[in-house]
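Student: I've got a model open on my screen and would like to talk it through. Could we take it one question at a time?

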Amino acid sequence: MGTQPQPDSDDLRLFHTGEHACGYWPERTARDLVLDPRDPRLREWYPHALGWGFRRSGDIVYRPHCSGCRACVAVRIPVDRFVPDRSQRRCLARNAAVEMRVRPAERDEEQLALYKRYLASRHAGGGMDGHGALEFDQFLIGSWSENRFLELREPAPRGHGKLLAVAVTDVVDNALSAVYTFYDPDLADRSLGTLAILRQIEWAKRERRGHLYLGYWIAGHPKMDYKRRFRPLEAFDGRDWRVFTHS
């Protein structure tokens, strides 16, 4: 992926990538703005970058910047004002016994096996379904970010119950950022993706963090449109965060 530096700042270097395949709409191409991945201050800049609509993938902090397309809208939940709707309350009730653990971001074999099953079911033929341990670490953990694994498990009388889901979550000043969630593909009726966000909101509230960043909302995209159901929601318009108004 070719890059050319942007001369916007002598202090923080940005790169504008060349065109590459869009990860959301296969018939489109995309470009990104990327913070200099060699900058030793990435961890320091990252909380600010989230507030500018950027997102982390591995060690890369990026924001879509496509010619003629503004489909990707950064969104976040102001957690103190969040109120679950009826469907989300049902999800919480249905999974009331599920245990939540926040762990250091260190891969184990159980997590890797669940991740591979999830990708094989949800991303078959998309390139990610061949991921192994190396790709897991590069994509989800990275080398400089402060992140955690939020595990959701079935209750067990002794030890740890069956692993149901893992929400990879970055921890920054006054916020959490939902990086990626994978879960048991055979339990679609449990709404584990929704449950993971609701538990991340609980975590943020408990630690008095102001926001949970959800990455990008894309109108009409079947894998991204669910984010609009978490209200109130704020959307980044390129300059400021404003109340999300799409129904």
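**Bridges, domains and a cavity**

Tutor: Sure, let's start with one contact: Glu146 and Arg43 pair up through their side chains in a salt bridge, with N to O at 3.4 Å. Keep in mind that this is a predicted model.

Student: How many salt bridges does a search of the whole structure find?

Tutor: To count, a side-chain nitrogen of Lys or Arg has to sit within 4 Å of a carboxyl oxygen of Asp or Glu. The Glu146 and Arg43 pair, at 3.4 Å, is a salt bridge. Searching the whole structure gives a total of 25.

Student: Arg153 forms a salt bridge too, so to speak; which residue is the partner?

Tutor: The closest N and O atoms of this pair are 2.8 Å apart. The two ends come from distant parts of the chain, 43 residues apart, with Arg153 in strand β10 (residues 147–153) and the other end in helix α3 (residues 109–122). The partner is Glu110.

Student: What about the domains: how much area is buried between domain 1 and domain 2?

Tutor: The domain assignment splits the chain into domain 1 (14–73) and domain 2 (76–243), and their C-alpha centres lie 20 Å apart. In the interface, 23 residues of domain 1 are in contact with 31 residues of domain 2. Carbon and sulfur atoms give 59% of the buried area, which comes to about 2300 Å².

Student: Which three residues supply more than any other three of the area that domain 1 buries against domain 2?

Tutor: Together, this trio accounts for 31% of what domain 1 buries against domain 2. Two salt bridges are also found across the interface. The trio is Arg55, Arg56 and Val73.

Student: Where does the largest cavity lie, relative to domain 1 and domain 2?

Tutor: There is one cavity of 30 Å³ or more, and the largest holds about 50 Å³ of space. Its lining includes Phe54, Arg55, Ser177 and Tyr213. Both domain 1 (14–73) and domain 2 (76–243) give residues to that lining, so the cavity lies between them.

Student: And which strand gives the most to the lining of the largest cavity?

Tutor: Two strands supply at least two residues each: β8 (73–78) and β13 (211–217). By character, the lining residues are seven nonpolar, three polar and one charged. With four residues, the top contributor is β13.

Student: Now the backbone: which two residues does a cis peptide bond join?

Tutor: Look in the loop between β13 and β14 (234–236), where Pro232 lies. The omega angle at the cis bond is about 0°. The residues joined are Arg231 and Pro232.

Student: Which residue has a positive phi although it is not a glycine?

Tutor: Go to the loop between β11 (163–172) and β12 (175–183). The phi in question is about 65°. The residue is Asn174.

Notes:
Residues numbered from 1 in each chain as written. Predicted model: local features only at pLDDT ≥ 70, side-chain atom pairs only at ≥ 80, totals over all residues. Heavy atoms only, no water. 1 Å grid on protein atoms, 1.4 Å probe; cavity = no way out; pocket = protein on both sides within 12 Å on 5 of 7 lines; lining within 4 Å. Points joined across faces, edges and corners; volume = space filled by probe spheres on them. Nonpolar A, V, L, I, M, F, W, Y, C, P; charged D, E, K, R; others polar. Domains from an automatic or database assignment. Contact = heavy atoms within 4.5 Å. Buried area = accessible area lost by both parts, 1.4 Å probe.
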